[in-house]
Protein chains: 2
Amino acid sequence: MAVQIERIRKDIDFINKFNASPERGITRQTFSKEYQAAVDYVVKELKYIGTEISYCRGGNIKARLPGTDGNAPAVMMGSHLDTVVHGGRFDGVVGVVTALEAARVITEQKIAHRLPIDVVVFAEEEGSRFNWGLLGSSIWTGQLDHSRLENIKDSGGVTYPEATARAGFEVSDESMLEPEKLRAMLEVHIEQGAVLEKKGCRIGLVEAIAGIKHFDITITGRADHAGTTPMDARADALQAAARIIASVEDIAQEIGAHTVATVGRIACEPGQSNVIPGIVRFSLDVRNPDETVLNSAITTINQTVKDICDNRHLGFEITPLGSVQPVSLSGEIVDLMEEKAREKNIRSLRIVSGAGHDTALFAELAAAGMIFVPSANGRSHCPEEFTRLEDIGLGCEVLLSTVTALAA
Amino acid sequence: MAVQIERIRKDIDFINKFNASPERGITRQTFSKEYQAAVDYVVKELKYIGTEISYCRGGNIKARLPGTDGNAPAVMMGSHLDTVVHGGRFDGVVGVVTALEAARVITEQKIAHRLPIDVVVFAEEEGSRFNWGLLGSSIWTGQLDHSRLENIKDSGGVTYPEATARAGFEVSDESMLEPEKLRAMLEVHIEQGAVLEKKGCRIGLVEAIAGIKHFDITITGRADHAGTTPMDARADALQAAARIIASVEDIAQEIGAHTVATVGRIACEPGQSNVIPGIVRFSLDVRNPDETVLNSAITTINQTVKDICDNRHLGFEITPLGSVQPVSLSGEIVDLMEEKAREKNIRSLRIVSGAGHDTALFAELAAAGMIFVPSANGRSHCPEEFTRLEDIGLGCEVLLSTVTALAA
């Protein structure tokens, strides 16, 4: 095998030249001119090594290295090129360039493969333009009905199909992604956390992707004068919220087992320094790879909200917003990747992803696997996002060995 | 004595006809047309009973019943007619109409008084138009230099002197309020809290007005991904803030002695449900009538902020904003009012005001006293603000007896 990290460096640098916010981080929203330029670069490189390009339903792109068995299901690898606003240089890009480099090595070294090998670029993974994450892969895998697309709009009111057409993206293959035509889906991605770095491991083998439950919680007390209302006569919504928020951390730590729980947004009314808050609204985001543990965490938090509010004679409302089911990735793939890493003396760690990824949508269709590479200080979705080129190279090597083994 | 509560009812109803927000509560901002109409009504009533009207420096109005001794210092009584936005029918108005009614009874019954008796209407007590509370009385008593008025503007950029002139308010007496010309200042006001109601008392005798210290507190952690950052690897600014906010309540309750402490405003950045808060800013309002206790509460809270942030390796900044010194009102007046209430079999309570009032500015110039009447459920600065007419009548009776005793 001969993964060339200099080629990967050049790919990453080239793609990140296409950036709508050079003053701060990287901004490359789906179907923007920067996005299309980055896609064009990758397509050009993929054509150069002789792949067959298909422009697929949902705005995704597939580049095929045909296998010796024309009827065999494909092994797919790839990620996305869109970013959040003021994001980093690695999220998504790493998965595309490692797949591209793996495909280059396969063609250069004329590695025989019975199964077709596909490089894929998913559209609108971040949801930062159309406020709908994993959009391209959701459409392609049939998890989002095409008819709903007319209602998915960017902040300027442009629908997803309109934006696709305006970008000159012409779908050449209208077919859905069918399970029987897919053997496996593999994705290299930055960890976006600091577990690998902390444990001194250079490769994470993702066993599961956490389920997510989002809630809005509203506490209702009474807005009174901050000067004339004695402490024991108050119905202070923020005092209850503060105790609930503290409990959210305590509960997540107590449950452990990869549980994370976050309050990221809070607002109070009337929001004046000299008025006791009458209403407080805050978000709650709870994640766990095991649905039972996830539900048990939610139950405990909800009970705490009730106890604290009842005790203080305050009203409350817990509104469930979106939720994502936990996903178990393929044990076969984890074992295979672990074996390949061991052969190369790369220290790997079985890990759980707290973030969602396109590959999660493939877990029920085929053998799905993900390789994480370390994020410096766990930073992601920000200009400080950084992953060492050497680690990306190792991720690419494990990807290449695993894909060629599966496609052999 | 013959205070007529029907006249008081009529006065309150008439004044509250002048309202810029009939759809919700009462809005009567200083020098608005509604404000001027309410002032005109009160002036007309004061002229009717033969008082001499002066339009005083700072936008205040003084109506004098001359005493038999032309050189004696005056006994003054009154309050304000401006309201907060969407405020209530009683805050301020009660102090004006009880002073008006007391003056009516004095003239009707020809009650002899050696000292002049003044009815006063202060301008911009609430600070809701010019964002500067107690403005009229601050100018008149020389606590705010006239030269600074050009910089005090409403949200439309109109300065206080411009607004005064546009409203047709022509100052007829440019003199400052001089201590030697003032014997006492008395104000009836709604409690704006629920202490009297809770204790079943109909009159509060204000011994002191709490000092206030305002702060802005900023906690700085690190904004990380809510899904990929394990609980033990977080620098969550909101988790620290939640614990500090809970401590603020605990500390105020522990110190007791009229201590109140409130966090009324909170905001976090980036403020997304799936991102750990990196920065949290919140307000802190602490009040106590005793400066030593107030400072001790602040010290304890500041130490708690430091302990919690140090323990979590977070940064913090505590920025002092405005502060108001605690004020002790006249013991002579409290004793006198208590005696008058006892004579009338009115159940009174010595009380501390958590809110600021114009009368606080007179405490160093003359004998200053305040009479509180109960607020239903402690509500104020809202459409639900309510005080029973009977209680306002009792407040007026105590005011009348006290003023006539002082002016005798």
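Modeller: Helices (H or I, at least four residues) and strands (E, at least two) are DSSP runs numbered from the N terminus, and by that numbering His258(A) lies in the loop between α7 and β8 of chain A. The model is predicted, with pLDDT of at least 70 required for local features and 80 or more for side-chain atom pairs, while totals for chains, interfaces and linings use all residues. Residues are numbered from 1 along each chain as its sequence is written, chains are lettered from A and ligands numbered from 1 in the order in which they are written, and side-chain values use heavy atoms, with hydrogens and water left out.

Biologist: What makes the backbone at His258(A) worth pointing out?

Modeller: His258(A) is not a glycine, and yet its phi is positive, at about 70°.

Biologist: Which peptide bond involving Pro270(A) is cis?

Modeller: The bond that joins Glu269(A) and Pro270(A) is cis, with omega about 0°, and Pro270(A) sits in the loop between β9 and β10 of chain A. In chain B, the bond from Glu269(B) to Pro270(B) is likewise cis, with omega near 0°.

Biologist: Why are chain A and chain B described as related by a two-fold rotation axis?

Modeller: Superposed by least squares on the C-alpha atoms of residues with pLDDT of at least 70 in both copies, chain A falls on chain B after a rotation of 179° with 0.0 Å of shift along the axis, at an RMSD of 0.1 Å. The two copies are therefore related as by a two-fold rotation axis. The same surface serves both copies, since 100% of the contact residues of chain A recur in chain B, where contact means heavy atoms within 4.5 Å.

Biologist: Which residue of chain A comes closest to the rotation axis?

Modeller: Ala242(A) does, with its C-alpha at 2.2 Å from the axis.

Biologist: How much area do chain A and chain B bury between them?

Modeller: Buried area is the accessible area (1.4 Å probe) that two parts lose on being put together, summed over both, and for chain A and chain B this comes to about 4,300 Å², 55% of it on carbon and sulfur atoms. Met231(A), Glu249(A) and Ser273(A) supply 15% of the area that chain A buries against chain B, more than any other three residues.

Biologist: Why is the pair Glu249(A) and Arg243(B) called a salt bridge?

Modeller: The term requires a side-chain nitrogen of Lys or Arg within 4 Å of a carboxyl oxygen of Asp or Glu, and these two side chains meet at 3.2 Å, N to O, so the pair qualifies. Across the interface of chain A and chain B the rule finds 8 salt bridges.

Biologist: Which element gives the most residues to the side of chain A that touches chain B?

Modeller: Among the elements that each supply at least two residues there are α6 (195–199) and α7 (237–255) of chain A, and α7(A) gives the most, with 10 residues.

Biologist: How do you know where domain 1 of chain A ends and domain 2 begins?

Modeller: The bounds come from an automatic or database domain assignment, which gives domain 1 as 5–210 + 326–407 and domain 2 as 211–323 in chain A. Their centres, taken over C-alpha atoms, are 36 Å apart, and the contact takes 7 residues from domain 1 and 8 residues from domain 2 of chain A. Together these domains bury about 560 Å², 69% of it on carbon and sulfur atoms. On the side of domain 1 of chain A, Ala210(A), Pro326(A) and Val352(A) lose the most area, together 74% of what that side buries, and the count of salt bridges between the two domains is 0.
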